[in-house]
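Student: I would like to work through the strand pairing and the cysteines of this model. Please show the sequence and structure before we begin.

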Amino acid sequence: MLEASCHCGAVRLTLPRRPRSLLDCNCSICRRYGGLWAYYRAGDVGIRGCASLASYIWGDRSIRHFWCRRCGCVTHWSLVKPTKSSRMGVNTRNLDPKALKDVRIRRFDGAVTWKFID
């Protein structure tokens, strides 16, 4: 099990396992957030400090991005209408880099082609 936290520690995410791969996306929001995403089933990720979270919904209004109100770190995204088995993205920039050693980073063109570019 892994734990991620924002800079100030107000928000903590518990992840069930080390990610198999990470995604570096260049879409309009991901390139601004600078996230490095790992994906899990929403029901498998524990989130503490929800009162410290703020969120943003844009575009087709299907995804909600979350960040800490205190320090501003982007922590994760989830579906606006999630189910226990739906996928969510966790910003692994909030993990100790040692936990991600040797995990493959895939580059994804979310801006134009919606294809992997690596």
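Tutor: Strands (E, at least two residues) and helices (H or I, at least four) are DSSP runs numbered from the N terminus, and two strands pair if DSSP finds at least two bridges between them. The model is predicted, so local features need pLDDT of at least 70 and side-chain atom pairs count only at pLDDT 80 or more, while totals for chains, interfaces and linings use all residues. Residues are numbered from 1 along each chain as its sequence is written, and side-chain values use heavy atoms, with hydrogens and water left out.

Student: Which residue in S8 does His 65 stand opposite?

Tutor: S7 (residues 63–68) pairs with S6 (residues 53–57) in the antiparallel sense over five bridges, and Tyr 56 stands opposite His 65 there. S7 is also joined by five bridges to S8 (residues 74–79), again antiparallel. In S8, the residue opposite His 65 is Trp 77.

Student: Which residue in the turn between S7 and S8 has a positive phi?

Tutor: S6 and S7 form a hairpin with five residues between them, where Gly 59 has a positive phi of about 65°. S7 and S8 form a hairpin with five residues between them as well, and the turn residue with a positive phi, about 85°, is Gly 72.

Student: Why is Cys 27 not bonded to the closest cysteine sulfur?

Tutor: A disulfide is a pair of cysteine sulfur atoms within 2.5 Å, and the count by this rule is zero. Cys 68 is in no disulfide, with the sulfur of Cys 8 as its nearest at 3.7 Å. The sulfur of Cys 27 is too far for a bond because its distance from that of Cys 30 is 3.6 Å.
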